[in-house]
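Please look through the model below together with its sequence, and then follow the account from its interior outwards to the helices and the confidence of the prediction.

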Amino acid sequence: MVGLSKPDVAPTAVVKVFSAGTAGCVADLVTFPLDTAKVRLQIQGETKSSSGGQKAKYRGVFGTILTMVKTEGPRSLYSGLVAGLHRQMSFASVRIGLYDTMKQFYTRGSDNAGIGVRLLAGCTTGAMAVALAQPTDVVKVRFQAQVRLPESGSVKRYNSTIDAYKTIARDEGFRGLWKGCLPNITRNAIVNCSELVTYDIIKEQILKHNLMTDNMPCHFTAAFAAGFCTTIVASPVDVVKTRYMNSRPGQYSGALNCAFTMLINEGATSFYKGFMPSFLRLGSWNIVMFVSYEQIKRAVIRCQQSWESPL
């Protein structure tokens, strides 16, 4: 790294896990309103069909944000943030922080990983992360979908993050906290393969052809491309995941039934509801997360070097 008097040291798996979880939290803090707008747009067709063809309440990303601020207050944009941070500390730390470790595992210690190995590593860490962090994702989506309109007579489903965990476990059973786990594993296998592998390959090619140095502009470019590719590939699964996780008990018999119901009632375009906020969110999230991740890793390594070699 430019400016270091000592040679770069490869970060350990522990450093990568810590850096990924922290960077995920930073990215969530910056982009959470866009994620909330995305969730509201994704469930809008569901609400409209159940209310007899009522006119759409939300229109566009920024229109959704403005409507929420006017009707529910600015705090509504960060509804579910606590669960979101819980999710990133357990989710991003595994799926991103262990990605390089899994690559080395499948190549038996070799640094020469082909596209197949990278895809396999992305699928593996994505599935592991979902299995660990699914309850936090369920609570986050429920809070983001919860409309705060006291004058309309609607009752809040949950009063706090802890109350949400307890209520879901009590009313829907232990399985309720893992609701939508299979579609989420599918989604995150796709997301990881699109996001991490795209970032990995683009960054590698940029450095290989000396287009940029291994610094912030390189990380920004690779992260933006990763966010765009991921949004195109993962949007349909993401919409189904959001609808199914937010549904009440018995509304859908499963994720496939949810997807089929959407196709019949709302058409194929319903799978790309909230595409623009998804792209804005994933693009900005990838940029903030990957840039933060790279910088946090380097900062931790500098701290380690200063501890091991005091003046």
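**The nonpolar interior**

In this predicted model, the largest nonpolar core holds 23 residues, and of these I96, Y199, M289, F290 and Y293 touch the most other members. Several helices contribute to this core, with at least two residues coming from each of α1, α4, α7 (181-208), α8 (216-246) and α10 (275-308). Of these contributions, the largest share is that of α10, which supplies 8 residues.

The surroundings of one of these residues can be followed directly in the structure: once neighbours within four places in sequence are left aside, I96 is in contact with A20, L196, W285, M289 and Y293. Apart from this core lies another one, made up of 11 residues, among them A164, Y165, I168 and M245. Across the protein chain as a whole, 51% of the 311 residues count as buried.

**The helices and how two of them pack**

The protein chain has 10 helices and 0 strands, so that the pattern read along the sequence is α-α-α-α-α-α-α-α-α-α. Among contacts between residues at least 6 apart in sequence, 77% join residues that are at least 24 apart.

One pair of helices deserves a separate look. Helix α5 (residues 115-145) packs with α7 at an angle of about 135 degrees, and the two axes are 7 Å apart. Because of this angle, α5 is oblique to α7, the oblique class being the one for angles that are neither under 35 degrees, nor over 145, nor in the range 65 to 115. The crossing of α5 and α7 is right-handed. On the α5 side, the residues that take part include I115, L119, G122, G126, V130 and D137, while those that they meet on the α7 side include C181, I185, N188, A189, N192 and E204.

**Confidence along the chain**

How confident is the prediction, taken as an average pLDDT over the protein chain? The average is 83, and 90% of the residues score at least 70. Among the elements of the chain, the lowest mean pLDDT, 83, belongs to helix α1 (residues 13-50), whereas the highest, 93, belongs to helix α4 (residues 99-106). Over residues 1-7 the pLDDT is below 50, and this stretch has 9 contacts in the model beyond near neighbours in sequence. The pLDDT is also below 50 over residues 149-153, a stretch with 4 contacts beyond near neighbours in sequence.

Conventions: Residues are numbered from 1 along each chain as its sequence is written. This is a predicted model: local features need pLDDT of at least 70, side-chain atom pairs count only at pLDDT 80 or more; totals for chains, interfaces and linings use all residues. Side-chain values use heavy atoms; hydrogens and water are left out. pLDDT is the predictor's confidence in each residue, from 0 to 100. Helices (H or I, at least four residues) and strands (E, at least two) are DSSP runs, numbered from the N terminus. Contact means heavy atoms within 4.5 Å. A nonpolar core is a set of buried Ala, Val, Leu, Ile, Met, Phe, Trp, Tyr and Cys residues joined through side-chain atoms within 4.5 Å. Buried means under 20% relative accessible area, exposed over 50%, partly exposed in between (1.4 Å probe, protein chains only). Axes are lines fitted to C-alpha atoms, for helices over the stretch in contact, and angles run from 0 to 180 degrees between N-to-C directions. A crossing is left-handed if the near helix is turned anticlockwise from the far one by less than a right angle, and right-handed if clockwise.
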